[in-house]
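Please work through the following exercises on a protein sheet with the sequence and the model at hand. Attempt each task before reading its solution.

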Amino acid sequence: MIVFGRQGCAYTKKAREALVKPLTESTIYYYDIEKEPDVNGLTEKYKKVLAKMTGTGATVPKVFIGGQFIGGGDETVEAVASGTDFLFTFAFNFEIFHRD
């Protein structure tokens with residue numbers, strides 16, 4: 001699971017908080033689109049690619065679970081609240097295959 005977001009963004013915070021409830025912080029990879037080192041202009045390239053992949057423009061967050069785009073902050077909260085099957089399938093599979 002990966003969350004592309006931005007520190008200080010209320011929607012990014014909303015998505016992360018919603019995901020931490022059913023999962024654990026260690027199952028979520030967070031990529032701050034503005035804090036990562038901008039090597040050779042990659043940050044702008046990431047933004048463009050993510051916008052094109054998702055059809056949502058340059059907004060954040062962009063949440064992916066198992067390679068499937070879930071949406072932004074509101075959509076992620078809705079998916080967690082509704083008990084969306086793929087969210088819990090991801091959590092179950094992660095716990096089964098990544099035990100210490």
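**Exercise 1.** Determine in which sense strand β3 and β4 pair, and over how many bridges.

*Solution.* In this predicted model, strand β3 covers residues 62–65. Its pairing with β4 is antiparallel and extends over 3 bridges. Next, locate individual partners: Phe69 in β4 lies opposite Phe64, and Val63 has Gly71 of β4 as its bridge partner. Finally, examine the connection: the two strands β3 and β4 form a hairpin with 2 residues between them. Gly66, in the turn, has a positive phi of about 55°.

**Exercise 2.** Find how β1 is joined to β3.

*Solution.* Strands β1 and β3 run antiparallel and are joined by 3 bridges. Within this pair, Ile2 stands opposite Phe64 in β3.

**Exercise 3.** State the strand order of the sheet, and explain why one side of β2 and of β4 is left without a neighbour in the sheet.

*Solution.* The sheet is open, has 4 strands with mixed pairing, and follows the order β2-β1-β3-β4. Strands β2 (29–32) and β4 (68–71) stand at the edges; each has a single partner strand, so one side of each lacks a neighbour in the sheet. On average, neighbouring strands are turned by 25° against each other, direction ignored.

**Exercise 4.** Identify what helix α1 touches in the sheet, and decide whether the residues on the two faces of β3 are buried or exposed.

*Solution.* Helix α1 (residues 10–20) packs on the sheet and touches β1 (2–5), β2 and β3. The direction of helix α1 makes about 160° with that of β1. As for β3, Lys62 and Phe64 on one side are buried, as are Val63 and Ile65 on the other; both faces are thus covered.

Definitions and conventions: Residues are numbered from 1 along each chain as its sequence is written. This is a predicted model: local features need pLDDT of at least 70, side-chain atom pairs count only at pLDDT 80 or more; totals for chains, interfaces and linings use all residues. Side-chain values use heavy atoms; hydrogens and water are left out. Two strands pair if DSSP finds at least two bridges between them. Axes are lines fitted to C-alpha atoms, for helices over the stretch in contact, and angles run from 0 to 180 degrees between N-to-C directions. Contact means heavy atoms within 4.5 Å. Buried means under 20% relative accessible area, exposed over 50%, partly exposed in between (1.4 Å probe, protein chains only).
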